[in-house]
Structures are given as structure tokens and as C-alpha cells.
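The report that follows goes through a single protein chain, taking up individual residues, one helix and the contacts between charged side chains. Please read it alongside the sequence and the model.

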Amino acid sequence: MSAASTIVPASPLPTLAPRRLEPTVIEPQTESVPRERGTAQCMEALARANQVRLARAALKRDISAERQSVTDVILESPWEAESMSLSELLCSQRRWGRARSRKLLASSALSEAKRLGTLTERQRRILVGALEAKLASRMH
């Protein structure tokens with residue numbers, strides 16, 4: 001007996017009556033006051049973000065040009081640098097790559113993603129000490 005002879009033909013499916021789908025109408029909200037307030041709030045947030053971005057770019061340029069030292073930025077923690085990651089701050093130095101910043105932060109037991117504004121005084125001192133030791137060893 002072959003496999004083809006054991007297959008039973010399928011019975012035809014019963015036909016279903018077609019259903020009509022009615023579109024759902026969603027009425028627009030008539031409250032325009034919260035939307036206006038949200039837009040103004042959004043614009044303020046964008047303006048603030050742009051201000052921080054520009055100030056942070058200027059700070060990075062100053063660090064790269066050696067007009068300002070990274071250790072001073074870490075100790076003083078200016079407003080524009082508070083939300084910068086440690087990796088971003090360290091990499092803004094001239095001839096200072098991501099690998100070098102990773103190594104320094106690992107030796108200080110700090111995460112690359114840690115924000116400057118969240119460092120404790122003790123962590124700041126440890127990081128500055130490690131940075132000064134690294135910079136001093138490069139000078140000799």
C-alpha cells in the first residue's frame with residue numbers, strides 16, 4: 001500500500017458570511033491648553049539642552065587646547081560638566097584615547113559611564129590622584 005492511498009480527501013470548509021468592519025472614528029481632543037503648555041515646556045527643554053551642548057563643546061575645546069586641566073574640571077565640577085560621563089571628559093584631552101581612559105577608570109574602580117556630577121569627594125580625590133600620577137609618568 002502506498003502513502004498516497006492512505007490520505008483521505010479533506011471535506012470542503014463551510015463558507016462564512018462576510019463581515020463588514022466599521023471604521024472607528026476618534027474625535028480630536030478639544031483641550032488645546034495642555035498642548036500649548038507642553039510645546040512651551042518642550043521648547044524650553046530644547047533650549048536648555050542646546051545651551052548645555054554648546055557650553056560642553058567649549059569646555060572640551062579648552063581641555064584639548066590645554067587652557068583648562070581635566071583635574072580642575074573634576075575638582076570644581078562646573079555646571080556644564082556635571083552630566084558628562086567620565087570617559088567623555090577624559091577623552092577630550094589631547095592624545096588621550098578611550099583605551100587609556102578605560103584603563104585609568106578601571107584602576108580607580110570607576111565606571112566609564114559614571115557622570116561627573118555624581119562623584120563623591122573621595123572618588124574625585126582618587127581620580128585626580130590617578131590622573132596626576134599618569135600625567136607625571138608621561139612627563140618623565
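## A buried threonine in H2

Thr71 is buried, with a relative accessible area of 11%, in what is a predicted model. This threonine belongs to helix H2, which covers residues 70–76. Leaving aside residues up to four places away in sequence, Thr71 touches Val128, Leu131 and Glu132. The pairing with Leu131 spans a separation of 60 residues in sequence, yet the two C-alpha atoms are 7.4 Å apart in space.

## Leu116 in the loop between H4 and H5

Leu116 is located in the loop that runs between H4 and H5, and with a relative accessibility of 1% this leucine counts as buried. When residues up to four places away in sequence are not counted, the contacts of Leu116 are Val73, Ile74, Ser77, Ala81, Glu82, Met84, Leu86, Leu89 and Arg124. For one of these residues, Ala81, the C-alpha atom is separated from that of Leu116 by 6.7 Å, although the two positions are 35 residues apart along the chain.

## The two sides of helix H4

Helix H4 comprises residues 98–107, and its buried residues are Ser101, Leu104 and Leu105. Viewed down the axis of H4, these buried residues fall within an arc of 95 degrees, so they line one face of the helix. The other side of H4 carries Ala99, Lys103, Ala106 and Ser107, which are exposed. After the helix comes Ala109, a residue with a positive phi, near 60 degrees.

Arg100 has its charged end over the ring of Trp96, at 5.2 Å from the ring centre. As for pairs between aromatic rings, with ring centres required to lie within 6.5 Å of each other, the count comes to 0.

## Salt bridges

The structure holds 4 salt bridges, of which three are described here, beginning with the one in which the side chains of Glu88 and Lys60 meet at an N to O distance of 2.9 Å. Glu88 lies in helix H3 (residues 86–91) and Lys60 in helix H1 (residues 33–64), so this pair ties together parts that are 28 residues apart in sequence. Glu88 is partly exposed, with a relative accessible area of 24%, and Lys60 is likewise partly exposed, with a value of 28%.

A further salt bridge joins Asp62 and Arg67, with 2.9 Å between the closest N and O atoms. Asp62 counts as partly exposed at 24% relative accessibility, whereas Arg67, at 60%, counts as exposed. Glu112 and Arg102 also form a salt bridge, their closest N and O atoms being 2.9 Å apart. Glu112 lies in the loop between H4 and helix H5 (121–139), while Arg102 lies in helix H4, so the pair ties together parts that are 10 residues apart in sequence. Both partners are placed in the partly exposed class, Glu112 with a relative accessible area of 27% and Arg102 with a relative accessibility of 44%.

Conventions:
Residues are numbered from 1 along each chain as its sequence is written. This is a predicted model: local features need pLDDT of at least 70, side-chain atom pairs count only at pLDDT 80 or more; totals for chains, interfaces and linings use all residues. Side-chain values use heavy atoms; hydrogens and water are left out. Rings of Phe, Tyr and Trp (its six-membered ring) pair if their centres lie within 6.5 Å; planes under 30 degrees apart count as stacked, over 60 as edge-to-face and the rest as tilted. A charge sits over a ring if NZ of Lys or CZ of Arg is within 6 Å of the ring centre and within 35 degrees of the ring normal. Buried means under 20% relative accessible area, exposed over 50%, partly exposed in between (1.4 Å probe, protein chains only). Helices (H or I, at least four residues) and strands (E, at least two) are DSSP runs, numbered from the N terminus. The arc is that of the directions from the helix axis to the C-beta atoms. Contact means heavy atoms within 4.5 Å.
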